[in-house]
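Dear colleague,

I am handing over the structure we spoke about, and I would be grateful if you could look through it before reading my notes.

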Amino acid sequence: MVSLQVTLLAALLLGGHGARAAQEPLSFHVAHIFSFANQSWAQHQGSGWLGDMQTHGWDSKSETIIFLRSWSKGNFSNEELIDLELLFRVYFIGLTRETEEYADQLHLTYPMEIQVAAGCELHSSDIAKGFLQAAYQGSDFLSFQNMSWVPSLESDSRAQSACDLMNQYEAIRETVHSLTTNTCPRFALGLFDAGKVDLQKQVRPVAWLSSGPSPGPGRLLLVCHVSGFYPKPVWVTWMRGEQEQPGTRRGDVLPHADGTWYLRVTLDVVAQEAAGLSCRVRHSSLGGRDMVLHWGHHLSMYLILLAAIVPLILLTVTALWFKKRCSYQDIP
């Protein structure tokens with residue numbers, strides 16, 4: 001039943017992009033960050049994400065969920081949300097206390113940061129898949145798999161000791177399994193349905209070219225700016241004709257305050273070889289047609305504008321000069 005619902009929602013929310021829908025599962029996850037300065041001082045932050053869109057926050061003072069969208073409650077009742085809120089409070093307090101209590105035994109060092117991501121992915125051709133992963137000091141530490149805590153491959157003996165300790169608590173393992181494989185898919189489906197207007201939103205990107213700081217003598221750093229687009233997935237690269245340039249460097253996709261995104265893509269080239277290069281932008285809002293910006297055309301536009309503005313300035317200055325001269329001649 002969940003598979004059928006997800007298939008229908010994927011078709012509804014992603015329209016004609018069926019291939020992309022099959023490749024990118026719909027997902028919801030909560031992210032928690034625990035910061036420990038020492039054994040007596042700690043703070044935590046929490047947020048909820050529907051794909052790349054933040055839908056929830058966590059007020060650490062009142063210990064309550066912050067609903068960032070008008071539809072962030074999905075189809076859950078107030079009673080169900082109150083129960084989840086209480087569960088999060090217990091979880092935040094419990095994990096903080098357990099970390100402080102077992103830090104010495106597990107050889108965890110202060111100051112430290114623990115990051116947790118838990119949620120579910122809903123595939124159009126498969127059942128929902130729950131997950132929970134934890135990182136210590138920014139590196140993968142452990143995860144929850146098949147009703148057990150498992151150390152990450154790149155982690156050390158501390159992760160194995162933590163898993164051995166946590167696997168003793170069967171009730172916690174059952175709760176985590178139920179939340180990620182039952183509660184999360186139900187909540188995610190409700191969010192997808194309630195927020196489909198926002199999720200279907202398409203905002204066309206604005207793109208322009210510029211040159212960055214010179215990488216060296218006789219070289220140019222070409223910069224392609226793509227801004228204000230939504231949703232987040234975008235393809236941008238530097239081209240020569242139909243050939244992608246292997247030296248293209250893509251920055252991080254960064255958020256704007258209005259929920260749209262920005263991307264900067266650069267190419268380091270010999271100055272004499274810049275002619276004929278172009279930046280190509282591909283985004284779902286463009287209706288299947290790529291946006292292409294040719295290097296050099298933006299300079300021509302600047303020259304055209306300059307050529308139009310300079311005579312206008314000269315005419316204005318000349319007219320003011322004649323007007324002022326005539327007014328002096330009229331004085332007896």
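What follows is a short account of the sheet, the helices that lie on it, and the nonpolar core.

Please keep in mind throughout that this is a predicted model.

I begin with the sheet, which is open and consists of eight strands in the order 4-3-2-1-5-6-7-8, with antiparallel pairing. Its edges are formed by strand 4 (64–67) and strand 8 (148–151), each of which pairs on one side only, and neighbouring strands are turned by 20° against each other on average, if direction is ignored. Where strand 7 (residues 139–145) runs antiparallel to strand 8, four bridges join the two, and Phe 144 has Trp 149 of strand 8 as its bridge partner.

Two helices deserve a look against this sheet. Helix 3 (residues 78–102) lies across strand 1 (26–38), strand 2 (41–50), strand 3 (53–59), strand 4 and strand 5 (112–122), and runs at about 35° to strand 1. Helix 5 also packs on the sheet, where strand 1, strand 2, strand 3, strand 5, strand 6 (129–136), strand 7 and strand 8 are touched by it, and its direction makes about 60° with that of strand 5.

As for the largest nonpolar core, it holds 68 residues, of which Phe 28, Val 236, Trp 238 and Val 281 touch the most other members. Helix 5 (residues 170–194) supplies the largest share of this core, namely seven residues. If neighbours within four places in sequence are left aside, the contacts of Val 236 are Cys 224, Val 226, Arg 250, Leu 263, Val 265, Cys 279, Arg 280 and Val 281.

With best regards

Terms used:
Residues numbered from 1 in each chain as written. Predicted model: local features only at pLDDT ≥ 70, side-chain atom pairs only at ≥ 80, totals over all residues. Heavy atoms only, no water. Core = buried A, V, L, I, M, F, W, Y, C linked by side-chain atoms within 4.5 Å. Buried < 20%, exposed > 50% of the residue type's maximum accessible area, 1.4 Å probe, protein only. Contact = heavy atoms within 4.5 Å. Pairing = 2+ DSSP bridges. Axes fitted to C-alpha atoms, helices over the stretch in contact; angles between N-to-C directions.
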